[in-house]
Each structure stands twice: as C-alpha cells, then as structure tokens.
Amino acid sequence: MTKVLMDGNSAIGEAAIRAGCQCYFGYPITPQNELTEYMATHLSRRKGCAFVQAESEIAAINMVYGASVAGARAMTSSSSPGISLKQEGISYLAACELPAVIVNMQRGGPGLGSISAAQSDYFQATRGGGHGDYRTIVLGPSSVQELADLTMRAFDLADRYKIPVVILGDGVLGQMKEPVEFKREAPSVPPIREGALRGAKGRPSKIIKTFTSNPSELEEINWSLFRRYALIKKEETACETFQTGDARLVVVAFGIAARIARGAIKNLRSEGLKVGLMRPVTLWPFPDEPLKEMSKTIKQYFVFEMNMGQMVEDVQLALAGQGELAFYGRPGGVIPNPSEVARVISRLYYQKGLK
Amino acid sequence: MKTIYMHPKSLKKTPFHYCPGCGHSVAHRLVCEVIDEMGLQERTIGIPPPGCSVFAYNYFDVDMAESAHGRGAAVATGIKRAYPASVVFTYQGDGDLAGIGTAETIHAANRGENVTTIFINNAVYGMTGGQMAPTTLRGMKTTTTPYGRDHILEGHPIRMSEILAMLDGVAYIERVAVNSPANIRKAKKAIAKAFQVQLDGRGFSMVEILSPCPTNWKMTPVKSWQWVDEEMTRVFPLGVYKDIAEKNGAD
Amino acid sequence: MPDKQPALKPVKGKIVISDELCKGCGLCIHFCPKKVIVQSDKLNAAGYQSAEFKDNGECTGCAICAIVCPEVAIEVYRD
C-alpha cells in the first residue's frame with residue numbers, strides 16, 4: 001500500500017469511499033469544506049453513488065436518514081454549529097436503529113464561535129446531543145492516518161450495531177497534511193444493508209418508526225437500545241497508552257489535544273519527569289475500566305482538553321476518588337503548543353512532589 | 001350482481017382512527033387505489049409525517065419510514081438517491097410542508113427530485129388541537145388565532161402549489177379537493193398523474209389536496225365538505241399549476 | 001313513423017354498509033342522488049348513528065356513496 005500526503009478532511013472522504021459509502025449529503029462550513037468538496041469530486045461520479053449539497057445541515061442529516069432507510073452506507077459532515085442543527089436527525093436515527101456516519105470537525109463555540117479548532121462538542125457528542133435517552137458511538141482520531149482508519153471502522157460499527165457513529169475531529173486535524181495509507185480498496189458496488197426498506201416484494205410491508213401512543217412500548221425500546229449500548233461498551237471500548245508503564249502522572253487527552261500532549265510528554269521525559277498519556281479512542285463508550293485499572297497504581301491525573309472541561313467529568317467518574325485530578329483547558333479555538341502544556345504539567349508534577 | 005367497488009388491496013383493513021368526515025381517509029384510499037391500479041405496491045416506500053396521519057403506516061400496506069416534522073422531502077431525497085428504482089411518496093400536512101418543512105420542500109422540488117408529494121391542506125394544525133397553520137384563512141378562528149387570523153400580525157395563507165410551480169425542477173403540480181364525488185374523481189386522476197410523472201423520471205410532482213377537518217373547524221362533516229367549496233377554493237383555487245408534459249407536448 | 005327506441009331497462013343496484021366501520025358522518029346520505037340512505041335511530045358499537053340502506057329498488061349502483069365514504073364502509077353491487 002502506498003502512502004499519500006493528504007489533508008485530514010480529504011482523507012476522511014477517501015476512506016469513506018473505500019469503506020463503501022454510497023451517499024454523502026453535506027453543506028459548506030469551515031473548517032471541513034475540503035471533505036464536502038472531495039465527495040463532490042470523487043463520490044458523485046461513482047456508479048450508483050450520490051452526492052448532494054443539501055440546502056442546510058438539517059436537510060443533509062434527514063437525507064442520510066432516508067438513504068439509511070433504503071440500505072445505503074450514508075454519511076454527512078459538518079462543524080459544531082451545523083452539528084447542533086443535526087441533533088434532531090441524529091435522535092431519529094438512533095431511535096430507529098439506523099446506521100449512519102456523522103463527522104464533526106469541531107470549531108470554537110458557543111454560537112457562531114470561531115473557525116479554529118476546539119474540542120467543545122464532547123458533551124454534545126457523548127451524551128446523545130439530541131432529545132431522548134440514546135447514545136452514538138463516538139470516535140476520537142488524533143492523526144490523519146487515524147481519521148482514515150476510524151472512518152472505515154465507523155461504517156462497520158454503524159452497520160454492526162445499527163447505530164449512528166460520530167467521528168469527533170477538529171479543524172486542525174482536518175486541515176493538516178500527513179502521510180496516510182488506505183488499508184482497503186473501494187468496493188465496485190456499494191453494499192446494501194440487509195433488511196432495509198426496498199419495497200415490499202415477496203414479504204409483508206415493513207415500518208420504520210418509533211412514535212407510539214403506548215409509553216410501555218417506548219419504554220421497552222429504550223431498554224432494548226441500552227442493552228445494545230452495554231454490549232458495545234463491552235466489545236468496542238478502545239484507548240491507547242503512551243509511556244504509562246512507570247509514569248507518576250498520566251495525562252488524559254483525546255484528538256488533537258493528545259497530539260499536543262505527546263509533544264509535551266516527550267519534552268518532559270527528556271528532563272527526567274515520569275509522565276505518560278492515556279488517550280481514549282472511543283469517547284463513547286468511554287474507557288473507564290482501563291482508567292480504573294490504572295488508578296490502582298498511578299494516582300495523579302492531568303486532563304488536558306481544548307474546552308472548559310468536558311471529558312474531565314468522565315475521567316472523574318471513572319477514577320471514583322481513586323486518584324487526584326487536575327484540569328487544563330483552552331477554549332475558543334486557541335491551540336496551545338506543547339511547551340505551554342509541558343510547563344503546566346511540570347509545575348503540577350513538582351508541586352505534588354512526584355519523583 | 002357484480003361488485004362495483006372494492007376495498008383497495010394496498011389499503012390495510014385497519015379501521016381508520018380519523019374523525020368522521022376527515023379528508024385523510026379519502027386521500028389514503030385514493031393513493032392506495034392508484035398504487036394498485038399502477039402495480040406499484042412492491043416498489044413503493046412512503047413517508048408519513050407527524051400529525052393526525054402519523055399512523056398512516058397502519059393503513060398503507062407498503063414499506064413506510066417515519067419522518068421528523070417537515071423533513072419528509074429530505075428523507076424522500078435520501079431514499080430516492082440511494083435507491084432510484086423505488087417509487088417514493090411523501091404524505092404531508094400543511095404545517096409539515098408549508099411551515100417547518102418549507103426549505104426542504106422547496107429545495108427537493110428545485111432539485112427536481114423524482115418523488116411525489118401528497119400535500120394535505122386542511123388550513124389548520126389538526127393533531128395538536130386546531131392551531132393556526134401556514135394555510136389558515138384570513139379571519140379564520142383557530143386556537144392560536146382566537147380573534148381570527150389577522151394578516152398584519154399573522155401573515156396571509158401561503159399558496160404552496162403556486163410557489164413551487166415557479167421552480168424549474170417541478171414537473172407537475174395540481175391542486176384538488178376531496179369534498180365531493182366529482183372532486184374526488186379528479187383528485188384520483190391527479191394522484192395517478194403525479195405517480196406517472198415519477199415513473200417517467202420527469203421531476204418533482206405534487207398534488208395539493210384541500211381536505212375537510214370537521215373537528216377543528218367545528219362543523220359537521222357535511223358542512224365542512226361544503227366549506228371547502230365556499231371558502232377554501234376562493235383562496236386556494238383548484239387546477240393544474242404546472243405540467244411540463246403539456247408544455248412539451250409540441251416537441 | 002320512426003322506429004321507437006327499445007325501453008331502457010333501469011339499472012338495479014345494491015349497497016352494503018358496514019355498521020361497525022360507519023362513523024355516522026352523513027356524507028353518503030347527503031350525496032346519494034336517489035336518497036336511499038338514511039341515518040339510523042340507533043347507535044352502533046362505537047356510539048355513532050350509522051347510515052342505513054333503504055332497499056326499495058331505487059338504488060342504481062352509481063357508487064357515489066362508496067366514493068365519498070371516508071371509512072371504505074360501503075360495498076356496491078350492480079346488475
């Protein structure tokens with residue numbers, strides 16, 4: 001397999017096509033337009049495939065819903081304000097157990113915000129985001145290669161568990177160029193999901209819906225969804241560790257913040273500080289078990305995110321008082337550099353008398 | 001004696017939950033008759049809206065997928081783009097299509113999506129108890145216009161057939177009513193034509209159906225059917241608003 | 001003298017109204033050109049005064065009642 005130099009947004013597009021994405025519906029918003037444009041160029045001309053620049057992010061997510069109803073692998077992408085618009089559609093997808101892939105290349109918020117990278121949609125992504133009790137799988141890539149790999153995995157997970165999957169990227173990951181290797185070839189014919197609505201030929205007609213005037217029926221739907229979520233948690237939780245073996249302090253960070261943290265940790269290690277990194281790859285389900293396990297021997301944690309403190313709550317829940325927690329956040333689209341983060345970590349390291 | 005009228009095959013035998021005299025019941029039946037006569041049952045995917053007809057899937061014996069309020073045209077776009085061989089129709093009320101779903105409706109029509117929209121216009125929000133709809137008539141009393149719709153405060157009833165007819169992607173639009181035997185016959189012909197437009201791949205087709213709502217208009221069924229002629233057709237004239245087949249007939 | 005046209009045999013029709021499905025909306029009664037449908041005095045199981053067919057030989061099986069009936073409650077038969 002050859003490596004190509006690609007920006008993250010385009011890598012998502014190429015990976016999606018190779019994963020058998022048949023339909024893409026999108027809308028322009030900075031900083032993810034390269035992805036929409038890539039699909040306009042490369043997906044639209046593929047046989048049996050469809051690209052639509054929808055009239056809004058709301059229309060786009062509802063087109064994804066329709067395409068998924070008909071059995072297609074379908075994707076939409078946007079950035080934070082546009083993802084807010086999609087929440088209704090995502091709730092419907094989750095309720096009706098329809099697979100879909102939703103890419104959020106986050107930018108600073110709230111409101112119209114900024115066009116620079118941030119991580120302030122973590123709560124929105126991992127707590128359901130729309131109305132009702134539901135979850136979506138949330139993946140947190142931290143390199144262009146991982147954007148490609150996780151995009152492909154997203155389609156598989158969506159189909160396997162009949163659930164929307166969110167790829168939580170950000171503006172830096174989307175714009176940066178890195179070498180990437182695509183580990184699959186695009187299928188000649190996009191796959192059609194078994195059991196989709198393709199017309200009641202030779203079988204009774206099928207209905208996709210969740211509205212019911214009977215609360216007990218809806219209650220059972222909720223329990224059924226959460227049984228599936230428990231299974232996903234058991235089977236699909238993923239995280240990565242970096243130099244945690246002898247660490248006295250572990251940084252917990254995801255996405256681009258984890259890249260910055262790695263740089264900080266390399267600096268600190270060269271100065272003799274025993275610092276490691278725990279990087280959740282699935283943000284939902286959150287890797288609380290690995291963190292609990294780690295907290296048996298490592299007691300100092302440092303959560304670094306580009307927001308006002310969102311993932312830190314999941315870390316706190318996972319630690320359940322078994323470790324000390326510090327938080328460092330930069331919101332609004334400000335991108336700190338490794339040396340700034342290293343400074344803050346080392347100050348804490350020495351304050352706590354870690355050796 | 002031979003049977004003159006039979007229950008359509010693609011209409012399930014479930015008794016309708018609609019009110020006595022409701023236009024939905026007639027409209028459902030007509031769409032099913034057309035589906036039967038055109039042999040479309042095995043290819044059709046229908047999209048009902050939130051509203052009184054949210055339970056349309058209990059009546060139409062075709063594949064159906066629920067839609068969020070107003071989003072039917074976008075859902076239809078997704079289905080048709082993913083599976084062009086399907087026959088896709090949305091079934092939408094006036095709030096759904098002309099209020100919350102205006103953008104999705106206009107843009108699906110503008111793109112010329114090969115889908116058919118059955119637009120039920122009863123000038124009121126039925127299921128939620130009779131609030132003002134985008135198509136409520138001036139002076140009409142509803143639960144949110146208790147003093148009568150005042151155009152200065154609440155705007156005018158919106159004419160979607162006329163608006164959509166201006167779009168190049170639209171192939172066929174007709175406004176009909178289901179308030180008399182003659183009108184019901186015409187409505188069925190219009191529905192059949194709309195589905196034929198889809199089968200021919202000519203673009204977006206819509207049939208706007210003026211539909212009585214006795215309960216929320218606070219009238220008897222017979223009076224409500226008369227009211228469609230007396231009042232609604234003055235604001236929403238019946239007729240063909242666009243038909244590219246006619247225009248291109250000379251080609 | 002011009003040939004007389006043979007007398008047209010009147011078309012005989014019959015309808016069957018489902019008492020359970022009828023919601024007493026009165027539309028078939030209103031639109032029937034032969035006025036052979038009337039409203040019942042009794043209530044059906046759902047509490048409606050349903051429509052009843054007067055089988056007096058006047059029905060022509062025109063099916064207008066079935067066309068307007070929202071409940072698809074009427075079957076129409078014709079000679």
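Two strands count as paired if DSSP finds at least two bridges between them. In this predicted model, that rule matters right where the two chains meet. Strand 9 of chain A and strand 3 of chain B are joined by two bridges and run parallel. Within this pair, A:I207 sits opposite B:M64 of strand 3 of chain B. As a bit of background, strands of a sheet pair through backbone hydrogen bonds, and they can do so in parallel or antiparallel fashion.

Now for the whole sheet. It is open, has eight strands with mixed pairing, and follows the order 9(A)-3(B)-2(B)-4(B)-5(B)-7(B)-6(B)-8(B). At its edges lie strand 9 (207–208) of chain A and strand 8 (239–243) of chain B, each of which pairs on one side only. Over at the chain B edge, strand 8 runs antiparallel to strand 6 (residues 170–177) of chain B, with four bridges joining them. Here B:Y172 faces B:D243 of strand 8 of chain B. Helix 1 (residues 23–37) of chain B packs on the sheet and touches strand 2 (44–47), strand 5 (116–121) and strand 7 (204–210) of chain B. The direction of this helix makes about 160° with that of strand 5 of chain B.

Back to the meeting of the chains: 28 residues of chain B are in contact with 34 residues of chain A. On the chain B side, at least two residues each come from strand 2, strand 3 (63–65), helix 2 (72–82) and helix 4 (102–110). Helix 2 of chain B gives the largest share, eight residues. Sorted by class, the side of chain B that touches chain A holds 14 nonpolar, six polar and eight charged residues.

Terms used. Residues numbered from 1 in each chain as written. Chains lettered and ligands numbered in written order. Predicted model: local features only at pLDDT ≥ 70, side-chain atom pairs only at ≥ 80, totals over all residues. Contact = placed C-beta atoms within 7 Å. Axes fitted to C-alpha atoms, helices over the stretch in contact; angles between N-to-C directions. Nonpolar A, V, L, I, M, F, W, Y, C, P; charged D, E, K, R; others polar.
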